[in-house]
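Biologist: Before we dig in, could you put the structure up on screen?

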Amino acid sequence: MNGNKKFSDMSVDFASIIRDKKLGRALTKEQLRIFADGAGSGSVPDYQLASLLMAIRLNGMNAEEITQLTLAMRDSGDVADLSSIKGVTADKHSTGGVGDNTSFIVAPLVSACGAPVAMMSGRGLGHTGGTLDKLEAINGFNAYPSIEEFIKQINDIGVAIIGQSGEIAPADKKLYALRDVTSTVDSIPLIASSIMSKKLASGTKSLVLDVKTGSGAMMQRLDDSIALAQTMVDICKLSGVKVTAVVTDMNQPLGTYVGNGLELKQSIDVLKGESKGALYELSLLLGSYMLVQSEVAKDIDEARKALINALSSGAGLAKLKQMIEYQGGDSRVCDDTSLLPQAKVVREIKADTVGYVESMDTVELGLIAQSLGAGRQKIDDDVDYSVGYILPVRIGDYIDRDTTLCVIHARSESDAIACENRIRKAIKTSPTPVKPPSLVYAVITEQGVLRYN
Ligand code: URA
């Protein structure tokens, strides 16, 4: 590591930056640039980066610091210029959950209504699933076209979902890996700057954020989720990005299908009009804000109507097909979802208790899917697109011994049995009726916070 040379040339003492934050002082724009550049280039040793991360975790940051850190992290790598795309490009981002596959519903529907959709997505992280892994369940799908091809695709057909290349926000890549092993993930300034640096580097000019709250979310307490959403809205405001943040429930999987190919199937079923529920409702809500921000609809009601029309006319499904074809994938999956990867073992399990579903350990439900092979335990693990489970029960449902609790899709009988035991433990019942959780808790815009709970 040659960092000491670089910093002595610039007369910078990195320890003084750590000391300032340790003493609770606000860091300057220059200090934050040095931090992000040092992380991105590898010129500051890990022990100094980690010390500063902990000082930030303990002492926090003000709004100006968070924005400056975000911009510095954005500039640590390539910044996509999407200005040659016609219209106001729409984008959405979820802070991560289980059974959360709104992207495949929202992107084609919003595009079918006339707004250009430009999404750069990520892979699964911890117990949460990732959009890219789900898209790659489609045979032949190319998730990594060049930026020029990405722009051309959006100008040609109005929608593209691709992966973020290695050169997008390298500072975040380094800092995220350090946070993971230094107990500094749960910091609102660090989460917000991590997410937003990648979004800004992706060229986003209009963003709808889906900030999860509850037992399967990064922030389990509603107030923390609202604070995270507010912080990201503030960053957008200071960076000239149109934004709405919706704080939504993750006390149970959003959709009833969990696993890459299975979630894709449920999205296609929603676009065919064959599946409703929370996944459908949230997709319409996120899509509505996207259409309003892209100036295609004048308000949320008009946007919702346009989305429902695009769904019932089949225009949304046709758009998904067109996108898959453009990116080299086998679009026949839209007509026949049995062409998606199929698991060797499919095992239905019945409930072994009688009562009302009271709670779900949603992190555990995500980890169960991961252990079946749907997610990675190590960064270079392969993902099995065929495995996962269908969980038809929801919090508040009455169940008895005739109720199908879960249908497990596994590689082997032994995997299915191990999964069955863990799923039974993750779902708690109560003898008395239970109120289902709300789907939406708050909407945060530049104008303020609207709380529904
Ligand atoms: N997702 C990110 O990209 N970064 C975080 O810090 C947390 C979630």
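Below, we talk through the ligand site, the domains, the core and one buried threonine.

Modeller: Ground rules: this is a predicted model, where local features need pLDDT of at least 70, side-chain atom pairs count only at pLDDT 80 or more, and totals for chains, interfaces and linings use all residues. Numbering runs from 1 along each chain as its sequence is written, and side-chain values use heavy atoms, with hydrogens and water left out.

Biologist: Which helix gives the most to the shell around the ligand?

Modeller: The residues around the ligand are Y176, R179, I191, S194, I195, K198 and M218, where near means a heavy atom within 4 Å. Two helices, α9 (170-181) and α10 (188-201), each supply at least two of the shell residues; helices here are DSSP runs of H or I, at least four residues. The top contributor, with four residues, is α10.

Biologist: How much of the ligand does the protein bury?

Modeller: Start with the polar side-chain atoms: one of R179 sits 2.9 Å from a ligand oxygen, and one of K198 is 2.5 Å from a ligand oxygen. Taken alone, the ligand exposes 240 Å², by Shrake-Rupley with a 1.4 Å probe. Of that area, the protein buries 92%.

Biologist: Which side chain has an N or O atom 2.6 Å from a nitrogen of the ligand?

Modeller: By class, the shell has four nonpolar, one polar and two charged residues. The side chain with an N or O atom at 2.6 Å from the ligand nitrogen belongs to S194.

Biologist: Which domains does the largest nonpolar core lie between?

Modeller: That core has 79 residues, and V110, Y389 and L391 are among those with the most contacts inside it; a core joins buried Ala, Val, Leu, Ile, Met, Phe, Trp, Tyr and Cys residues through side-chain atoms within 4.5 Å. Helix α13 (residues 278-293) gives the most to this core, with eight residues. Both domain 2 (91-170 + 200-336 + 440-451) and domain 3 (341-430) give residues to this core, so it lies between domain 2 and domain 3.

Biologist: And T204, which side chain does its side chain make a polar contact with?

Modeller: T204 is found in the loop between α10 and β4 (206-213), and at 5% relative accessibility it counts as buried (under 20% relative accessible area, 1.4 Å probe, protein chains only). Its side chain also reaches the backbone oxygen of K199 at 3.2 Å. A polar contact is a pair of N or O atoms within 3.5 Å, with one able to donate a hydrogen and the other to accept it within protein. The side-chain partner of T204, at 2.8 Å, is D91.

Key: Nonpolar A, V, L, I, M, F, W, Y, C, P; charged D, E, K, R; others polar. Buried < 20%, exposed > 50% of the residue type's maximum accessible area, 1.4 Å probe, protein only. Domains from an automatic or database assignment.
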